[in-house]
2 protein chains.
Amino acid sequence: MRADAQRNRDRILSAAAEVVAELGAEAPMETIARRANVGVGTLYRRFPDRAALLDALAREHAECLLDAFGQGPRGWKTLRGWIEWSVEHGRGALAIALADVPVDDLPEFVRLRERIAAELDAQVAAAHAEGGLRAEVSADDLSQVLKAYSCHPMTLPSHLLPLLLDGMAPPTP
Amino acid sequence: MRADAQRNRDRILSAAAEVVAELGAEAPMETIARRANVGVGTLYRRFPDRAALLDALAREHAECLLDAFGQGPRGWKTLRGWIEWSVEHGRGALAIALADVPVDDLPEFVRLRERIAAELDAQVAAAHAEGGLRAEVSADDLSQVLKAYSCHPMTLPSHLLPLLLDGMAPPTP
DNA sequence: GCTAAGTGGAAGCTCGCCCTCCGCTTGTCT
DNA sequence: AGACAAGCGGAGGGCGAGCTTCCACTTAGC
């Protein structure tokens, strides 16, 4: 692969991560191309369609997203930290992982989803067990919160997230 | 106005309220028409464009939305009650009041927006003063929460709203 | 220098939605 | 009952946003 091609490929991937973080997983391809200072043609030669681009992004970001859980004990504290970190730093990757995009033949994508779902389940179970998280909050709810913040970032002010998370702790009457 | 025309007009308005509550203020006109068991033609004869329809809805629902504040004292308790009530029962009207729709020549619409904004400001000020609401939560934030729940109802599970509101009360360490 | 790889962006296409139009139906009045 | 204005439905033309292709031009690499 020629050096300039490689450079453009990288530029496209990071532009895509940015744009997806801002606009959600259905951001126009043209916006991504322009952000990368590249014509749409270039984008399409490198990634035959949106799904391929998202898959490449998943491959790129999966590790750092999952590493962010750290090695600490499972529980509400860790989980909460991860949620806040992800919304702050991992929006692009999350948007990809959680977007409503049909995905069956995109292996990396499927894997990322499964791993996130599994880890989320485990953390929620631990949080419930230790009593750090209200019983009425499910892993599904959290995944929807993550999705709302990452796929539709304009809909809720991000400084309200900590308050929502506060509200998820058991009431202290 | 002929009797059947009147009937259809009413059907359209309530279908619109439903659909807007479900899909947001940009719901396709055709969806509204179908829900009302009416052709698009009928819809358009009665309301020359989407703006006119929304304006009529605003006229229809403004009072009940504002009445829901009740006569009680201003403060967090009242405000919170209103927010929950509105999201539960007033989504259609709210979606209209808060949607990002240019609106300058739709008097009823403008009036509704202003009255809601004013009441919200007053309630938030009172809530801050009595110490029922964290200082970092502004009237704008609340209006954005209302908008998220009413204009994009699919993005957040509605049973999380009470938790978010819990989190808005001052922390009790 | 030569050439194959790479590039940008105009152009064509699809799709979803907006709104108009007109032949048919129906309420209303005599 | 009959006439006729009012009302109706939904096919269809138009439009804009976004996807994808294509090809004349540029450039890295030998």
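This passage describes a predicted model of two protein chains with two DNA strands, moving from the fold of one chain to the pairing of the copies, the surfaces near the DNA and selected loop residues.

The secondary structure of chain A consists of nine helices and zero strands, and the order of elements along its sequence is accordingly written as α-α-α-α-α-α-α-α-α. Along the principal axes, the C-alpha atoms of chain A occupy a box of roughly 60 × 30 × 25 Å. Of the 173 residues in chain A, 35% are classed as buried. Among the contacts in chain A with a separation of 6 or more, 67% involve residues 24 or more positions apart.

The packing of helices was examined for one pair in chain B. In general, two packed helices are described by the angle between their axes and by the distance between those axes. For helix H5 (residues 76–89) and helix H7 (residues 107–130) of chain B, the angle is about 135 degrees and the axes are 8 Å apart, which makes H5(B) oblique to H7(B). The contact is formed by B:Trp76, B:Thr78 and B:Leu79 on the side of H5(B), which meet B:Gln123, B:Val124, B:Ala127 and B:Glu130 on the side of H7(B). By class, the residues of this contact between H5(B) and H7(B) comprise four nonpolar, two polar and one charged.

The relation between the two protein chains was considered next. Two copies of a chain are, in general, related by a rotation about an axis and a shift along it. Here, chain B is superposed on chain A by a rotation of 179 degrees with 0.0 Å of shift along the axis, at an RMSD of 0.1 Å, and the two copies are therefore related as by a two-fold rotation axis. At the interface, 18 residues of chain B are in contact with 18 residues of chain A. On the side of chain B that touches chain A, the elements giving two or more residues are helix H8 (139–151) and helix H9 (161–168) of chain B, and the most is given by H9(B), with five residues. This side of chain B is made up of nine nonpolar, six polar and three charged residues. Because 100% of the interface residues of chain B are also interface residues in chain A, the copies meet through the same surface.

Both protein chains also contribute to the surroundings of the DNA. DNA strand C is surrounded by 22 residues, of which A:Gly39, A:Gly41, A:Thr42, B:Ala3 and B:Gly41 are the closest. The elements that give two or more residues to the surface near this strand C are H1 and H3 of chain A, together with H1, helix H2 (29–35) and H3 of chain B, while the largest share, four residues, comes from H3(A). The surface near DNA strand C divides into nine nonpolar, five polar and eight charged residues.

For DNA strand D, 22 residues likewise form the surroundings, and the closest are A:Ala3, A:Gly41, B:Gly39, B:Gly41 and B:Thr42. Two or more residues of the surface near DNA strand D come from each of helix H1 (3–23), helix H2 (29–35) and helix H3 (40–46) of chain A, and from each of helix H1 (3–23) and helix H3 (40–46) of chain B. Near strand D it is H3(B) that gives the most, with four residues, and the classes represented on this surface are nine nonpolar, five polar and eight charged.

Several loop residues were then considered individually. Most residues other than glycine have a negative phi. A:Asn37, which lies in the loop between H2 and H3 of chain A, is not a glycine and nevertheless has a positive phi of about 60 degrees. With 11 C-beta neighbours inside 10 Å, A:Asn37 counts as exposed. In chain B, B:Asn37 is placed in the loop between H2 and H3, and its phi is near 55 degrees, again a positive value in a residue other than glycine. B:Asn37 counts as exposed because 11 C-beta neighbours lie inside 10 Å.

B:Pro28 belongs to the loop between H1 and H2 of chain B, and with 12 C-beta neighbours inside 10 Å this residue also counts as exposed. B:Pro28 is 22 residues from B:Arg50 in sequence, whereas the C-alpha to C-alpha distance of this pair in space is 9.3 Å.

Methods:
Residues numbered from 1 in each chain as written. Chains lettered and ligands numbered in written order. Predicted model: local features only at pLDDT ≥ 70, side-chain atom pairs only at ≥ 80, totals over all residues. Contact = placed C-beta atoms within 7 Å. Nonpolar A, V, L, I, M, F, W, Y, C, P; charged D, E, K, R; others polar. Near = placed C-beta within 6 Å. Axes fitted to C-alpha atoms, helices over the stretch in contact; angles between N-to-C directions. Parallel < 35°, antiparallel > 145°, perpendicular 65-115°, else oblique. Least-squares fit on C-alpha atoms with pLDDT ≥ 70 in both. Buried ≥ 20, exposed ≤ 12 C-beta atoms within 10 Å, placed from the backbone.
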